[in-house]
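This briefing is meant for a reader who is meeting the structure for the first time. Please look at the sequence and the model below before reading the points on backbone geometry that follow.

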Amino acid sequence: MKERIKQLKNEIEELLNNSKTLKDIEDIRIKYLGKKSEFNKILKSLKDLTQDEKKEIGPFANEAKKSVYAKIENKKHTIELNFDAETEWIDVTAPGKKIKKGSLNPLTLVQRDIEDIFTSMGFEIADGPEIETEFFNFDGANMPPNHSARDMQDTFWIKEGCNDGMGDGQVLRTHTTNCQLRYMQSHKPPFRIIAPGRVFRQEATDASHEHTFHQFEALVVGKNVSVANFLSVAKSFFSSFFGKEMSVRVRPSYFPFVEPGFEFDISCTNCSGDGCSTCQNTGWLEIGGAGMVHQNVLVSGGYERDKYTGFAWGFGLERLAMMKYKIDDIRLFHSGDIRFGRQF
Ligand code: FA5
């Protein structure tokens, strides 16, 4: 009997291997395992065996039945999914492969932070071209040809202007201040914007200077906008950005597009003003230039002289990221060094 069970099992397996459709499998099941099948008859006859025979053949017959049913199910799946369960199985208990994730450049993180904070204060985000006309980069910002202030920003010229004051040359913009005039020419006050972006200067690089870096401009224009408004917005921004109460201060400075002009400092992010090596014991860190928008610029923007006032600033994004993440060399941002990028 054991021999016959083995033969039947082999026969079924061979037929299953050659079956192509679900109907083939169903025919095999009915023929070999159905009520009137030989296999079923054998199972039914087990009760007539002696106790010893039952012990030997019973488990064997049951095992064979289970194995054949499992093979039938497998074959059905294979046909249904067009998938070979014998060879294409997956070990769901195997440990997964670690997926290597990329990370965002700290500059992107800082720019997103800045945009979030300013939009929550009701600012709009503006933009301007990186290849800019001499007019928007210089003349319209109160820096006509031969103005000595142009020498403050070593410029990559694409097309030289003809020095006739028409501003028809082209430059890689040296600052995001170009966005001021572009925005003014198509918008009426009151408004408040920031304009983050890439700028270029023909400079030798070192740990704190790059030839290609980022600034973000802020510009608020309306009636009776004052230095107090500027200080208040700046203090709110820096306190949110660094996640702690920050102090700000301004020192007199000169930029042709503002009057009065300031250098802008914040309390040292490391020692909060007590004095340490980061701030060279001054308690302050220099952030960038700012001031009250020059009336000549507002006039270039298309507004009536003395009708509006405004404040503006231009801060370096890399310098802010360096303070926030304690990065000591500006050249790391664009180094492409994966070990640097992975830390953020
Ligand atoms: C300007 O570019 C002015 N347009 C800023 C301004 C806007 C003043 C509006 C007033 C009103 P300045 O050249 O100082 O100013 O540059 C501003 C900031 O850009 C600097 O404080 C510094 O954070 C950053 N910066 C300047 N040059 C470099 C450089 N080579 N590498 C990295 N960051 C720089």
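The points below deal with cis peptide bonds and with positive phi values.

The model is predicted, and the angles and accessibilities given here are computed from it. Two topics are taken up: the peptide bonds that lead into Pro190 and Pro260, and the backbone angle phi at Asn224 and Lys326.

**Cis peptide bonds**

- The bond that joins Pro189 to Pro190 is a cis peptide bond, and its omega is near 5°; Pro190 itself belongs to the loop between α7 (178–186) and β5 (191–200).
- A cis peptide bond also runs from Glu259 to Pro260, where omega is near 0°, and Pro260 is part of strand β8, which covers residues 258–267.

**Positive phi in residues other than glycine**

- Asn224, which is not a glycine, has a positive phi near 60°, and this residue sits in the loop between β6 (212–222) and α8 (227–242).
- Asn224 counts as exposed because its relative accessibility is 70%, where exposed means over 50%.
- Lys326, likewise a residue other than glycine, has a positive phi near 55°, and its place is in the loop that lies between α10 (317–325) and α11 (338–341).
- With a relative accessibility of 61%, Lys326 is therefore counted as exposed.

Notes
Residues are numbered from 1 along each chain as its sequence is written. This is a predicted model: local features need pLDDT of at least 70, side-chain atom pairs count only at pLDDT 80 or more; totals for chains, interfaces and linings use all residues. Side-chain values use heavy atoms; hydrogens and water are left out. Helices (H or I, at least four residues) and strands (E, at least two) are DSSP runs, numbered from the N terminus. Buried means under 20% relative accessible area, exposed over 50%, partly exposed in between (1.4 Å probe, protein chains only).
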